[in-house]
Amino acid sequence: MDQTTFPELKSRIAGEVILPDSPEYNDLRHVMNGNGSPALIVRPRSSEDVAEAVRLAREYQLAVSIRSGGHSMMGLSTNDGGLVIDLAHFNTVDVIDPAQNRVRVGAGAKWGDVARTLAEYGLAISSGDTNSVGVGGLTLGGGIGWMVRKVGLTIDSLEAAEIVTADGRVLRVSEQEQPDLFWALRGGGGNFGVVTTFEFRAYPLQTVYGGMVIYDLADLETALPKWAEVMRAAPEELNSTAVIFPGFGPEMPPALMILLCYGGDDEAAANAAIRPLLELGTVKLQMIDRKPYYAMLEDAHPPVGVRAVGENGFVKTLNPGVLAALTANYGQPGTPMVQIRSLGGAMSRVDPAATAFAHRDYEAFVLAVTFVPLDASQEQADQARSAVWEPLKPFASGAYVNFLTDASDTSVATAYPAETYARLSRVKAAYDPENLFSRNHNIRPNGRGEMFR
Ligand SMILES: Cc1cc2nc3c(=O)[nH]c(=O)nc-3n(C[C@H](O)[C@H](O)[C@H](O)COP(=O)(O)OP(=O)(O)OC[C@H]3O[C@@H](n4cnc5c(N)ncnc54)[C@H](O)[C@@H]3O)c2cc1C
């Protein structure tokens with residue numbers, strides 16, 4: 001973009017307009033999983049500002065990246081030569097109706113800050129496991145968090161949102177207002193506009209019991225099936241993730257890590273639920289304590305100089321076949337890291353057609369990740385991605401869009417069943433027919449797999 005347009009842009013946007021020669025540019029051009037050289041970064045302060053930024057993108061035919069927390073697994077919230085709409089100033093957390101536990105949260109808030117603020121009111125929203133992940137990206141993909149079995153996905157607590165659409169309209173969406181768009185926002189990602197705020201129904205929660213137990217990897221073959229059995233019978237307050245960790249150097253040897261969170265105040269009930277997870281094998285380390293919910297969220301420690309590539313999917317039941325595939329193929333140095341999140345409970349009671357996130361009735365979510373150099377070619381990354389998943393492919397179906405590390409039509413197709421995709425495509429055609437918002441796991445406005453432009 002021609003720098004001479006800068007004064008004009010400045011007068012059109014009340015928020016910040018950051019160009020390559022602005023002092024803040026270098027701090028804002030890159031995101032966690034991707035480097036970028038956008039032509040400009042706009043940090044709006046109002047919905048009208050967002051609408052103006054959207055109009056500007058159309059006028060100058062700029063590619064648009066939307067950024068909330070900047071944790072896109074593929075670095076999609078920056079770009080080269082386009083516009084970044086960075087929602088950092090939309091970061092407020094307000095309890096708007098205390099009687100109904102109704103909370104309005106800015107899209108650019110970070111989940112760690114949301115959890116800390118809501119703790120002051122004795123409330124919580126089930127989000128992810130990481131402080132710095134943004135409200136916008138996580139919510140629009142679904143949100144698998146520490147209370148998923150008790151209260152469902154993050155979108156299952158969503159009651160309304162404000163969105164700026166491709167034509168610059170500012171709309172409120174809910175079950176009653178633009179219900180088709182509200183349906184699409186709950187799992188369809190950033191395809192339909194720029195969401196500025198979300199309204200959630202939060203849950204009363206003061207305390208959790210949580211942490212980690214580390215088992216010797218030698219126990220994997222027996223401990224993993226026991227973990228699955230325990231979680232099958234566990235109360236919905238208990239959520240757990242098993243991590244088959246291949247080790248990083250001599251200080252961090254391979255291990256089976258069981259991460260867990262019991263969401264509730266009752267110590268006796270928490271102990272009874274957690275105890276079986278402490279008896280899966282030879283415990284090498286145990287760190288479980290009573291704490292506020294926000295203390296369950298951790299800081300991200302992305303490895304330097306590499307990028308994550310992986311695959312994910314949903315497993316109907318953790319049957320002997322899938323357990324054997326997990327224990328035989330992962331855990332040794334050099335193998336991918338595998339996360340198995342227990343699901344079920346509240347998440348599964350929602351009709352798969354009720355939201356664009358359709359993978360409801362599964363026992364577990366599985367994610368396998370490896371790392372490639374930052375400058376790895378697309379071909380190398382594709383090969384690594386396919387290799388990490390080979391042993392699990394026969395047992396898994398679907399995919400969670402927020403953990404995809406590939407945005408091809410084929411990958412997007414795994415995230416949405418055919419009927420879901422067709423409905424998403426109709427909503428896309430109604431609200432973004434020219435596919436302005438295409439830097440994402442893209443829903444085509446004219447049906448699956450056909451390039452719009
Ligand atoms: C360290 C780490 C831990 C994670 N843990 C979890 C977890 O426990 N559970 C879970 O469910 N997911 C988890 N994720 C995945 C996470 O949900 C996605 O990466 C999500 O997209 C990040 O959201 P963000 O706002 O931080 O990202 P951004 O990079 O800002 O946004 C990602 C994409 O979402 C869309 N988007 C973002 N904000 C908006 C908006 N306001 N309006 C419209 N579109 C928007 C855009 O397409 C954008 O490219 C994790 C990711 C990381 C990196």
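Helices (H or I, at least four residues) and strands (E, at least two) are DSSP runs, numbered from the N terminus. The model is predicted: local features need pLDDT of at least 70, side-chain atom pairs count only at pLDDT 80 or more, and totals for chains, interfaces and linings use all residues. Residue numbers start from 1 along each chain as its sequence is written.

**Exercise 1.** State which element gives the most residues to the shell around the ligand.

*Solution.*
1. A residue is near a molecule if its C-beta atom, placed from the backbone, lies within 6 Å of it.
2. Around the ligand there are 36 residues, and G69, G134, G136, G137 and G190 come nearest.
3. At least two residues each come from β3 (64–67), α5 (135–141) and β10 (194–201).
4. The most, five residues, come from α5.

**Exercise 2.** Determine whether the length of helix α11 (residues 378–389) agrees with its expected span, and locate its buried residues.

*Solution.*
1. The expected span is 1.5 Å times one less than the number of residues.
2. For the 12 residues of α11 the span should be 16 Å; the end C-alpha atoms are 17 Å apart, which agrees.
3. A384, R385 and V388 are the buried residues of α11 (20 or more other C-beta atoms within 10 Å of their own, with C-beta atoms placed from the backbone).
4. These residues cover an arc of only 100° around the axis (taken from the directions from the helix axis to the C-beta atoms), and therefore lie on the same side of α11.
5. The buried residues of α11 pack against β16 (306–315) and β18 (364–373).

Conventions
A residue is buried if 20 or more other C-beta atoms lie within 10 Å of its own, exposed if 12 or fewer, and partly exposed in between; C-beta atoms are placed from the backbone. Two residues are in contact if their C-beta atoms, placed from the backbone, lie within 7 Å.
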